[in-house]
Amino acid sequence: MRPKLLLVPAALTCAIAMTCALMPARADVIRLENGATYRGKIVKETSRSVTIKTKVGPVTVRRDQISKIVRTAELLKELERKLDAGKGDPDKLYAAGKWAKKQGLGKSARKAFELAIKADAYHEKSRKALGHRKHQGRWYSDEEYNSEVL
């Protein structure tokens with residue numbers, strides 16, 4: 001009977017791990033009046049304070065110190081609006097990528113830069129933002145450059 005008891009916690013642990021793996025890794029952002037920024041997951045809010053779980057641990061901030069709270073969902077909605085407005089326009093897509101990067105949405109910024117390149121394969125700013133190099137009129141990713149040019 002004892003092995004059956006061990007299976008339940010193991011199954012539960014597996015289910016929790018699967019759920020966590022499916023959760024987005026993006027962060028909420030708290031901007032303070034003094035210019036400081038905290039990124040993480042908001043775990044508690046009261047009328048006087050907000051607690052955010054950061055990489056280094058939980059941080060509680062008084063509401064009178066907060067200039068703005070930006071939630072992940074809001075950032076992603078705004079980015080989708082920018083991407084929709086920029087469809088087919090590499091400059092607008094690049095601008096959306098820059099905005100996403102500034103908001104801490106690195107993977108989404110990369111997506112925007114890649115969309116800009118799909119709209120214009122020679123869009124220099126997007127290529128540079130992705131770390132591509134130009135050699136003899138052709139753009140290369142780092143991997144391609146190292147294997148084909150060097």
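User: In this predicted model, why is the contact between Lys82 and Glu78 called a salt bridge?

Analyst: The side chains of Lys82 and Glu78 meet at 3.7 Å, N to O, and a salt bridge requires a side-chain nitrogen of Lys or Arg within 4 Å of a carboxyl oxygen of Asp or Glu, so the contact qualifies. Lys82 and Glu78 are 4 residues apart in helix α2, and are therefore separated by about one helical turn.

User: What makes Glu78 and Arg81 a salt bridge, and how are they placed in helix α2?

Analyst: The side chains of Glu78 and Arg81 meet at 2.7 Å, N to O, which is within the 4 Å limit, so the pair counts as a salt bridge. Being 3 residues apart in helix α2, which covers residues 72–85, Glu78 and Arg81 are also separated by about one helical turn.

User: How do you know whether Glu78 and Lys82 are buried or exposed?

Analyst: Glu78 has a relative accessible area of 26% and Lys82 has a relative accessibility of 28%. Because buried means under 20% and exposed means over 50%, Glu78 falls in between and is partly exposed, and Lys82 likewise counts as partly exposed.

User: What makes Lys82 a charge over the ring of Trp99?

Analyst: Lys82 lies over the face of Trp99, at 5.2 Å from the ring centre, and the distance limit for such a charge is 6 Å. The rule also asks for a position within 35 degrees of the ring normal.

User: Which salt bridge does Arg133 form, and how accessible are the residues that form it?

Analyst: The side chains of Arg133 and Asp142 meet in a salt bridge at 3.2 Å, N to O. Arg133 has a relative accessible area of 36% and Asp142 has a relative accessibility of 39%, so both lie between 20% and 50% and count as partly exposed. The count for the model comes to 11 salt bridges, and among the residues involved, Glu45, Arg63 and Arg71 are linked in a network.

User: How many aromatic pairs are there, and why is the pair of Tyr94 and Phe113 called tilted?

Analyst: The count comes to 2 aromatic pairs. In the pair of Tyr94 and Phe113 the ring centres are 5.6 Å apart and the planes stand at 35 degrees; since centres must lie within 6.5 Å, and planes under 30 degrees apart would be stacked and over 60 edge-to-face, this pair is tilted. Tyr94 lies in helix α3 (residues 90–102) and Phe113 in helix α4 (residues 106–119), so the pair ties together parts that are 19 residues apart in sequence. With relative accessible areas of 17% for Tyr94 and 4% for Phe113, each is under 20% and therefore buried.

User: Why is the pair of Tyr140 and Tyr145 called edge-to-face?

Analyst: The ring centres of Tyr140 and Tyr145 are 6.2 Å apart, and their planes stand at 75 degrees, which is over 60, so the pair is edge-to-face. Tyr140 is buried, with a relative accessible area of 9%, and Tyr145, at 15% relative accessibility, counts as buried too.

User: What makes strand β1 largely enclosed, and which strands pair with β1?

Analyst: Strand β1 covers residues 28–32, and 4 of its 5 residues are buried, so this strand is largely enclosed by the rest of the structure. Strand β1 is joined by 4 bridges to strand β2 (residues 37–45), running antiparallel, and by 4 bridges to strand β5 (residues 66–70), again antiparallel. Ile30 has Tyr38 as its bridge partner in β2 and Ile69 as its bridge partner in β5, while Arg31 stands opposite Lys68 in β5.

User: How do you know which strands are the edges of the sheet?

Analyst: The 5 strands form an open sheet in the order β4-β3-β2-β1-β5, with antiparallel pairing. Strands β4 and β5 are the edge strands, as each pairs on one side only. The twist averages 40 degrees from one strand to the next.

User: What makes β3 and β4 a pair, and what joins them?

Analyst: Strand β3 (residues 49–54) and strand β4 (residues 57–62) pair in the antiparallel sense over 6 bridges, where at least two are required. A hairpin joins β3 to β4 through 2 residues, and Thr54 stands opposite Gly57 in β4. Strands β1 and β2 also form a hairpin, with 4 residues between them, and Gly35 in that turn has a positive phi of about 95 degrees.

Conventions: Residues are numbered from 1 along each chain as its sequence is written. This is a predicted model: local features need pLDDT of at least 70, side-chain atom pairs count only at pLDDT 80 or more; totals for chains, interfaces and linings use all residues. Side-chain values use heavy atoms; hydrogens and water are left out. Rings of Phe, Tyr and Trp (its six-membered ring) pair if their centres lie within 6.5 Å; planes under 30 degrees apart count as stacked, over 60 as edge-to-face and the rest as tilted. Buried means under 20% relative accessible area, exposed over 50%, partly exposed in between (1.4 Å probe, protein chains only). Axes are lines fitted to C-alpha atoms, for helices over the stretch in contact, and angles run from 0 to 180 degrees between N-to-C directions.
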